[in-house]
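I opened my notebook beside the viewer and wrote down what I looked up, in the order I looked. Come along with me through the pages.

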Amino acid sequence: QDIFSYEKLCCIFDDKLKDVTRKSDLLEIRTEIEELKKENIILKNDIKKLTSRLEHIDRKSRSSNIIVNGLNCASITTAKTEFLNICSHVLEVNVNVVSTRMISSGKSFIFCLESTMQSNNVISAKKKLKGQKVFIQKDYTEEEQNVRYNLRLISKKITETKKTVKVRLGEFCIFINNTK
């Protein structure tokens, strides 16, 4: 005999539905997700602050560095002596080199000078190197290098398309017809 029993049906449903998610479970998950979203926003803000501080520290540590290309030296000591010789005789600037690093196989070197003032003096006197195969530039961060690269590309495109427009590069800007 097949007799329908309400109690039996309830027991079967309870047994089958014990693993099904309830509305109360969903509310708990939803509140947990909201808390995680708030925490995520706080953490993103902290990351932004830390990266900006890190960029500032990186920029500050590079401010007394000078990159010199075109020195054909096999060792760091000969590069340092040649750089000091160029500074004193050609650029007519007195500098004290704290440390030296080779960047690429004896062609480029980073010279860490004693102060930012010394590096600025070298940069301002680099015009005297015109006609020589030695090039001096500031040590920029990777982000600053990318900005300067993109500005050079834009400048090149403008000069190719409009020959009558006067384009001049600033450190982190472009001057078009003497307008920044």
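**Entry 1: around helix 3.** I began with the cover over the buried residues of helix 3, which includes strand 1 (65-69), strand 2 (97-104), strand 3 (108-113), helix 4 (116-124) and strand 4 (135-138). A reminder to myself: this is a predicted model.

Which residues of helix 3 are buried? I found A79, F83, I86, C87 and L91, in a helix that spans residues 76-91. Down the axis of helix 3, these buried residues fall within an arc of 95°, so they line one face of the helix. I noted the background for this: an α-helix has 3.6 residues a turn, so residues three or four places apart point the same way.

I then turned the helix around. The face of helix 3 directed away from the buried side carries T77, T81 and H89, which are exposed. Just after helix 3 I stopped at E92, where phi is positive, at about 55°.

**Entry 2: the sheet.** Next I traced the strands. They make an open sheet of 4 strands in the order 2-3-1-4, with antiparallel pairing. Strand 2 and strand 4 are the edge strands, each pairing on one side only. From one strand to the next, the twist averages 25°.

I went through the pairings one by one:

- Strand 2 and strand 3 run antiparallel and are joined by 6 bridges; here R101 stands opposite I110 of strand 3.
- Strand 1 and strand 3 also run antiparallel, with 5 bridges joining them; V68 stands opposite F109, and N69 faces S108 in strand 3.
- Strand 1 pairs with strand 4 in the antiparallel sense over 4 bridges; I66 stands opposite K138 in strand 4.

How many residues of strand 3 are buried? The count is 6 of its 6 residues, and the strand is mostly covered. I checked the two sides separately: S108, I110 and C112 are buried on one, and F109, F111 and L113 are buried on the other, so both faces of strand 3 are covered. My margin note reads that side chains in a regular strand alternate between the two faces of the sheet.

Strand 1 was the other strand I checked for burial. Here 4 of the 5 residues are buried, so strand 1 is largely enclosed by the rest of the structure.

**Entry 3: N65 and S64.** I zoomed in on N65, which is found in strand 1. Is N65 buried or exposed? Its relative accessible area is 8%, and because buried means under 20%, N65 counts as buried.

What does the side chain of N65 make a polar contact with? The partner is the side chain of D139, at 3.0 Å. In strand 3, the bridge partner of N65 is C112. Setting aside neighbours within four places in sequence, I listed the contacts of N65 as R101, I110, F111, C112, S119, K138 and D139.

I stepped back to S64, in the loop between helix 2 and strand 1. S64 is buried too, at 11% relative accessibility. With neighbours within four places again left aside, S64 is in contact with F111, C112, L113, S115, T116 and S119. Comparing my two lists, I see F111, C112 and S119 in both.

**Entry 4: the cysteines.** How many disulfides does a search of the whole structure find? The result is 0.

I wanted the reason, and started with C87. Its closest cysteine sulfur is in C73, and the two sulfur atoms are 13 Å apart, too far for a bond; a disulfide needs them within 2.5 Å. C87 is buried, with 0% relative accessibility, and belongs to the buried set of helix 3.

C112 was my other check. The cysteine sulfur closest to that of C112 is in C87, also at 13 Å and too far for a bond.

**Entry 5: out along helix 2.** My last page goes to E35, which lies in helix 2 (residues 23-62). E35 is exposed, with a relative accessible area of 55%. How far is E35 from N96? The C-alpha atoms are separated by 55 Å, for two residues that are 61 apart along the chain.

How values were computed:
Residues numbered from 1 in each chain as written. Predicted model: local features only at pLDDT ≥ 70, side-chain atom pairs only at ≥ 80, totals over all residues. Heavy atoms only, no water. Buried < 20%, exposed > 50% of the residue type's maximum accessible area, 1.4 Å probe, protein only. Arc of directions from axis to C-beta. Contact = heavy atoms within 4.5 Å. Polar contact = N/O pair within 3.5 Å; in protein donor to acceptor, adjacent residues only side chain to side chain. Pairing = 2+ DSSP bridges. Axes fitted to C-alpha atoms, helices over the stretch in contact; angles between N-to-C directions.
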